[in-house]
Amino acid sequence: MIKPLRGMRDLAFEDAKKFEYFIDTATNIAKKYGYEYLETPILEESALFKRSVGESSDIVNKEMYQFIDKGGNDVCLRPEGTAGVVRFFISNKLDRQDGKYKFLYYGPMFRYERPQKGRFREFHQFGCESFGEESVYEDYTIIELISKIFDELNIAYSLEINSLGCSECMPKYKEKLVEFLEDIKDELCEDCQRRIKTNPIRVLDCKNQNCKTALSNAPKITDNLCSSCHSDFEKLKELLENSGIEFSVNKNLVRGLDYYNKSAFEFISSNLGAQNAIAGGGRYDKLVEFLGGKPTAAVGFAIGVERVLELLELPEQKREGYYFGAMSKEGVDKVVKVAKDIRKDNRAFVEFEPKKLKAHLKSADRQNSRYCCIVGEDELKNDTIWVKDLEEKREFIVSSDEFVKNI
Ligand code: HAM
């Protein structure tokens with residue numbers, strides 16, 4: 001028997017319904033904030049992610065589904081959505097328009113991680129990317145948007161924020177941090193010892209308990225921000241406080257992708273176990289330029305759809321649409337014809353196999369149809385349809401003409 005690959009799964013039935021419901025809700029809210037739908041390819045040049053997410057990140061270093069295609073191109077399945085949107089933004093010369101652009105997207109992402117609860121090798125993200133807006137009000141607005149989505153879906157979360165500084169204060173902070181890390185090097189895990197050279201700030205969010213203890217006195221970026229980053233971070237906190245969105249500052253929040261500066265944030269659920277981040281994002285003002293475009297401020301986020309589905313309860317499913325069935329072969333021709341007219345505005349399911357009334361009622365109920373519409377011997381003779389409203393538990397007989405006209 002052929003099964004899905006490890007860390008990959010089919011999305012069907014209840015989960016598929018939840019998926020549609022989540023995407024519809026999130027899309028509607030994001031559109032109210034001015035975001036428009038964008039679809040970018042799932043396969044991209046590997047270099048795009050090496051340059052944006054970062055060569056030293058785990059995502060690029062260990063987790064890419066990378067291969068050489070038949071034309072000799074070094075390609076990979078996208079591990080995240082931001083880089084592709086930025087590539088689109090630059091290749092369509094939107095960076096030269098001096099405008100403000102907002103895109104929403106959703107779809108599958110691929111990371112060759114060790115699968116566990118809430119962590120898959122193929123998973124879905126819903127994301128938004130805003131270009132051309134450098135005001136910290138936009139950082140706030142994007143956090144407000146995410147909180148609206150979770151509130152609408154009744155999903156509880158806690159929000160953690162941090163500032164990663166800018167090209168003025170971050171390098172100075174890094175120097176300070178490296179000096180500190182060199183002093184405590186022997187107490188750090190092997191990965192962190194390597195990161196001192198490749199990406200020192202990633203040491204701050206190491207999950208190893210020895211590293212955490214050794215790092216308790218490490219200098220913090222938020223204590224080393226330049227005046228512009230400091231005042232933006234203070235403003236962000238003020239805006240969140242005034243809007244009633246609860247948050248905490250996590251001074252060790254650095255995110256696993258290299259492109260961030262200034263605001264970084266994560267939404268966490270306490271109902272998921274170890275893989276508890278349900279959304280993450282932040283500002284990435286240097287990325288457009290870094291990938292060859294004109295300098296453009298940018299900020300965005302992505303929600304992990306599978307983790308949200310785990311927390312999501314579907315609203316009660318109302319009975320909907322029409323179930324058609326016949327009790328004889330001749331009746332089937334008739335219900336097929338009526339269903340065709342009904343489908344102009346309604347959902348209709350037709351059972352082609354003649355069955356007894358009781359069996360039809362059972363199937364209609366299983367399908368969650370509102371009306372069970374049956375053609376038996378009498379109905380065929382009189383050109384009528386027997387209907388049961390499964391919601392109001394009411395039965396009636398109507399002529400076929402009336403039925404189509406008055407539906
Ligand atoms: P990220 O934090 O790597 O950020 O991923 C965002 C979310 O995707 C995570 O919070 C998590 O819910 C979900 N996720 C990540 N990996 C997995 C996995 N293996 N299995 C299931 N869910 C997963 C980004 O990808 C950035 N592109 C977000 C962003 C957009 N920043 C700015 N714009």
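**Phe126 and the shell around the ligand**

Glu80, Glu113, Glu129, Tyr260 and Ala277 come nearest among the 26 residues around the ligand, where a residue is near a molecule if one of its heavy atoms lies within 4 Å of it. The model is predicted, local features need pLDDT of at least 70, side-chain atom pairs count only at pLDDT 80 or more, and totals for chains, interfaces and linings use all residues. Residues are numbered from 1 along each chain as its sequence is written, and side-chain values use heavy atoms, with hydrogens and water left out.

Q: Why is Phe126 called buried?
A: Phe126 has a relative accessible area of 0%, and buried means under 20% (exposed is over 50%, partly exposed in between, with a 1.4 Å probe and protein chains only), so Phe126 counts as buried.

Q: What makes the approach of Ala277 to the ligand a polar contact?
A: A backbone N or O atom of Ala277 lies 2.7 Å from an oxygen atom of the ligand, and a polar contact is a pair of N or O atoms within 3.5 Å, so the pair qualifies.

Q: How much of the ligand's accessible area does the protein cover?
A: The protein covers 96% of the 650 Å² that the ligand has on its own, by the Shrake-Rupley method with a 1.4 Å probe.

Q: Which strand supplies the largest share of the shell around the ligand?
A: Strand S10 (277-283) supplies the largest share, 5 residues, a strand being a DSSP run of E with at least two residues, numbered from the N terminus.

Key. A polar contact is a pair of N or O atoms within 3.5 Å; within protein, one must be able to donate a hydrogen and the other to accept it, and residues adjacent in sequence count only if both atoms are side-chain atoms. Helices (H or I, at least four residues) and strands (E, at least two) are DSSP runs, numbered from the N terminus.
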